[in-house]
Amino acid sequence: MRRTLLEGLLHRPLSEPPPAVDAAELEAVARAVGVAARARLGRSLSIREIDAGSCNGCELEIIALGNAFYDLERFGLRFVASPRHADVLLVTGPVTRNMRAALLRTWEATPDPKWVVAVGACAHDGGEFAGSYACERSVGAVLPVDLFIPGCPPAPVDLLKGLLGLLTLSAPR
Amino acid sequence: MPTILPELRAATRVEAHHPWPRFVVDVASWRVAGGELAAGRWTLLGLWGEADSVHMAVLRGDRDAIAVLTLPCADRRFPAIGARHAPAIRLERAAQDLFGFAAEGLPDARPWLDHGAWPVRAPLGRAEPVADAAVPYPFLPAEGGALHQIAVGPVHAGIIEPGHFRFHADGETVVRLEERLGYTHKGTEALMQGADLARAARLAGRISGDSTVASALAFAHAVEAALGLAPPPRAVWLRALAAELERLANHLGDVGAVCNDASFAIINAHCAVLRERVLRAAAVAFGHRLMMDRVVPGGVAANLDATGAAAITALVAAVRQRFPRLVELYDSTASLQDRVVGTGRLDPALARQFGCGGFVGRASGRDFDARRWPGYPPYDDLRFDVPVRTEGDVNARVWIRIEEIGASLGLIEQLLAGLPAGDVRAKVGSSAEAEGAALVEGFRGDILAWVRVAADGTVARCHVRDPSWFQWPVLEAAVDGNIVADFPLCNKSFNCAYSGHDL
Ligand code: SF4
C-alpha cells in the first residue's frame with residue numbers, strides 16, 4: 001500500500017495535455033450553444049449522463065474520461081448523480097421507446113439553463129438501429145440537442161474536445 | 001430415434017443444422033425435455049421464438065452433448081418450460097412479447113421486454129399496430145409490518161446502463177429484490193432479419209458494447225457453421241487475440257470498479273489506467289479501441305502488423321508488472337476484505353440450475369468454459385487454466401477475474417508467439433438455406449448464437465443469447481439478506497449486461 005502511494009507521489013502524472021479544440025470546432029459549438037450560456041456557467045460544468053438505450057460502448061468511453069490519462073475533473077467538468085445538479089445532459093443511444101419517458105423526466109428534472117449533448121452515432125440518427133420499431137431514432141427526436149459528438153463510440157479525446165469547446169465558450173470574457 | 005437424446009421418443013432430425021443437431025419434436029417430447037431440465041440432468045442454453053415455432057438449446061450432462069429442440073406451434077401456444085424450470089421464465093416472457101405466443105402454464109406471465117411503448121404488438125410475430133398501451137407493471141409483493149420499498153432506476157446515479165430495481169427492505173436488510181429490465185430493447189433481432197451478413201455482423205457487434213468481439217465472434221461462428229466455412233488460420237488466431245484483449249480490459253475495469261463500490265478508490269484508479277492501456281494497444285493493433293466490427297463472417301477485417309504486435313507485447317509487460325501489486329493490496333486490506341468476503345453469496349446449486357456462465361458460475365463451482373468445451377480453435381492449441389471456486393461471494397468472483405487476467409495474459413503471449421502467416425479473410429458465399437449455432441466464451445460467460453442463413457445470403461432469423469439471461473435472475477437471490485448498501489457491490493461483482501440482455 002505504502003509503496004503504491006509513494007510511487008504515485010514520485011512519478012510524473014499520467015494525465016496528458018488537453019486536446020486542442022480548433023477554431024472550426026469551437027465555432028460549431030458556439031453556434032450550437034448560443035451566447036446565453038457564457039455568462040451563466042463560469043468555468044465549470046456539471047454533467048449528468050443518460051443512457052437512452054445505448055449498446056454500452058459509448059458509456060465505456062465516457063467512463064474512461066475519468067481515468068488518469070484524461071482526468072476530466074481538472075477542467076472543471078464533473079459527472080453528477082442527479083439531474084437536479086446538472087448543467088449538461090450527456091445522452092447516448094438511439095432512445096429506445098422504453099427509455100423515452102425516463103429521458104424526458106430526467107430532462108424535466110434538470111434546472112434551466114441546461115444543454116443537451118448527444119453522444120455517438122445512435123444518438124445522432126439511430127446509427128445501426130435506425131428504423132427499429134423499438135427506437136425513437138435519435139435524441140433530437142425527443143429533446144432539443146445543442147451539440148453532437150460523433151463516433152461509434154467517440155473516443156475519449158473526441159468527447160473531451162466537445163466538452164472543452166462547451167467550457168471555453170461558457171467562460172466569461 | 002436420435003441417439004444423442006435418447007430421452008426423446010419422437011423427434012425428427014433437421015438437415016443442414018451445424019455443428020450440433022436440431023430436432024423437431026412433438027408436445028410430449030417437449031414436456032420430456034422440460035422434465036430433464038427440471039431434474040437437473042440437462043441445462044438450458046437458450047430459448048427463442050420464430051414466427052411459427054419455438055426453439056430451445058440444451059446441454060446434456062455437464063459436457064455431454066448439445067442439441068436444439070424445435071416445437072412447431074402454428075397456433076402460437078406451447079407448454080411453458082418455465083412451469084417447471086425457472087431459468088426459462090424470462091426467456092419465455094420475452095418470446096411471448098416478441099412473437100405473441102402463449103407459454104401455457106408460465107408462473108409469471110407479465111410482459112418482460114414489451115413495456116407498452118412500442119407501436120406494434122408481437123413485433124417479430126404478427127406485428128399488429130397498437131396505440132400507446134402502457135399498462136401498470138405490478139411488482140411482486142412482500143408482506144410484513146416493517147417493510148418498505150426502494151425504487152431505483154431506470155436512470156441510475158452512475159454512468160451505467162438503465163434498468164429498474166425494486167427493493168423490499170426490512171430496515172437495512174434486503175428482503176426481496178426484483179429486477180425489471182427491457183429498457184434498452186432496440187429490436188436488434190428484427191433488424192437482423194433480412195439483413196446481409198455484413199450488416200448483421202455489425203448489429204451482433206452492438207448487442208453489448210463491452211462484448212463486441214465475443215458477440216460478433218459467436219455470430220461469425222454460427223454463420224460459418226451454417227455455410228461450412230473455415231476462416232484462415234491467421235484470422236482464427238487474431239480473433240482469439242482480440243477476444244483475450246477484450247476479456248483483459250473488462251476484467252481489469254471491473255476489478256477496479258468492485259473495489260470502488262467498496263469505497264477503495266486507489267485500486268480503481270490503477271485498474272482504470274491499465275484498462276486504458278489495453279484499449280490503446282487494441283487501437284494500435286486493430287484500429288479500434290473496443291475492436292468493433294473487426295470480427296466478420298469469414299475472418300477478420302483487420303490485420304496485425306509489427307507495430308500492433310509490439311504495442312500488445314508492451315501492454316502485457318506493463319500489466320504483468322503493475323497488476324500483482326494491486327492484487328496484493330486487494331488481498332491485504334482488511335477494510336476491503338470485510339466488504340467483499342461473504343457478501344452476495346450465490347449458492348452453487350442455483351448456479352448449476354441456471355447454467356450460470358463465466359465468473360459468476362465459476363465462482364460458485366460451475367466448471368464450464370466454452371473455450372474448453374465444446375471448444376473452438378485456436379484454444380485447442382493453447383494452454384490455459386480455468387479457475388473455479390466454490391464460495392460464491394463477491395470475493396470469489398473478484399478472484400476468478402484476477403486469475404483469468406493471468407490466464408489471458410498467458411494466452412496473449414502464446415497467440416503472439418504462434419501467430420500463423422497468411423490471409424485473414426475467406427470469401428463467404430451461400431447457395432442454399434442453412435442453419436448454424438455456436439457457443440463462444442465472452443468475458444461474462446458463454447454467448448449462444450443461432451442463425452438461419454437464406455439461400456440469397458441474407459439472415460432469415462438470428463438469435464443471440466447473452467450470458468446475462470442466466471445471471472440476472474440469480475443476482476436477485478444472491479442479494480437476499482444482504483444490506484441495501486451492499487447492493488452496488490454485489491451488482492458490480494456480477495456486472496450483468498443490460499443491452500446484451502434486452503437486445
Ligand atoms: S454509437 Fe456505437 S458505441 Fe455508441 S451506443 Fe451506438 S452502437 Fe454503441
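Buried means under 20% relative accessible area, exposed means over 50%, and partly exposed is in between (1.4 Å probe, protein chains only). Keep that handy for the exercises below.

This is a predicted model, where local features need pLDDT of at least 70, side-chain atom pairs count only at pLDDT 80 or more, and totals for chains, interfaces and linings use all residues. Residues are numbered from 1 along each chain as its sequence is written, chains are lettered from A and ligands numbered from 1 in the order in which they are written, and side-chain values use heavy atoms, with hydrogens and water left out.

**Exercise 1. Find the salt-bridge partner of B:Arg22, and classify both residues by accessibility.**

Step 1. Use this criterion: a side-chain nitrogen of Lys or Arg within 4 Å of a carboxyl oxygen of Asp or Glu makes a salt bridge. B:Arg22 pairs with B:Glu435, at 2.8 Å from N to O.

Step 2. Place the two residues, taking helices (H or I, at least four residues) and strands (E, at least two) as DSSP runs numbered from the N terminus. B:Arg22 sits in strand 3 (residues 22-25) of chain B and B:Glu435 in strand 16 of chain B, so this pair ties together parts that are 413 residues apart in sequence.

Step 3. Check the accessibility. B:Arg22 counts as buried because its relative accessibility is 7%, and B:Glu435 counts as buried because its value is 4%.

**Exercise 2. Work through the salt bridges of B:Arg90 and B:Arg60.**

Step 1. B:Arg90 meets B:Glu179 at 2.8 Å, N to O. Since B:Arg90 belongs to helix 2 (residues 89-99) of chain B and B:Glu179 to strand 13 (residues 173-180) of chain B, the pair ties together parts 89 residues apart in sequence. Both B:Arg90 and B:Glu179 are buried.

Step 2. Now look for salt bridges that share partners: B:Glu244, B:Arg247, B:Arg362, B:Asp369, B:Arg371, B:Glu404 and B:Glu441 are joined into one network that way.

Step 3. B:Arg60 bridges to B:Asp64, with N and O 3.0 Å apart. B:Asp64 counts as partly exposed because its relative accessibility is 45%.

Step 4. For the overall tally, searching the whole structure over all chains gives 38 salt bridges.

**Exercise 3. Describe the surroundings of B:Leu439.**

Step 1. Locate it: B:Leu439 is part of strand 16 (residues 434-441) of chain B. With 4% relative accessibility, B:Leu439 counts as buried.

Step 2. List contacts, meaning heavy atoms within 4.5 Å. Leaving out residues up to four places away in sequence, B:Leu439 touches several residues, including B:Trp20, B:Leu45, B:Ile66, B:Phe368, B:Tyr376 and B:Arg465.

**Exercise 4. Which residues touch the most other members of the largest nonpolar core?**

Step 1. Set the rule: a nonpolar core is a set of buried Ala, Val, Leu, Ile, Met, Phe, Trp, Tyr and Cys residues joined through side-chain atoms within 4.5 Å.

Step 2. The largest such core has 109 residues, and B:Phe219, B:Ile267, B:Phe286, B:Phe323 and B:Tyr330 touch the most other members. Helix 6 (residues 233-261) of chain B gives the largest share of this core, 15 residues.

Step 3. Zoom in on B:Tyr330. Neighbours within four places in sequence aside, its contacts include B:Cys259, B:Ile267, B:Val340, B:Trp399 and B:Ile402. A separate core of 64 residues includes B:Ala33, B:Phe165, B:Cys356 and B:Cys496.

**Exercise 5. How many residues of each chain are in contact, and how much area do the chains bury?**

Step 1. Count: 51 residues of chain B are in contact with 49 of chain A.

Step 2. Get the area, i.e. the accessible area (1.4 Å probe) that two parts lose on being put together, summed over both. Chains B and A bury about 4,000 Å² between them, with 61% of it on carbon and sulfur atoms. B:Ile159, B:Lys186 and B:Arg325 supply 18% of the area that chain B buries against chain A, more than any other three residues.

Step 3. Add the charged pairs. There are 4 salt bridges between chain B and chain A. A:Glu61 forms a salt bridge with B:Arg289, with the closest N and O atoms 2.5 Å apart.

Step 4. Ask which helix matters for the count. Helix 7 of chain B supplies the largest share of the side of chain B that touches chain A, 9 residues.
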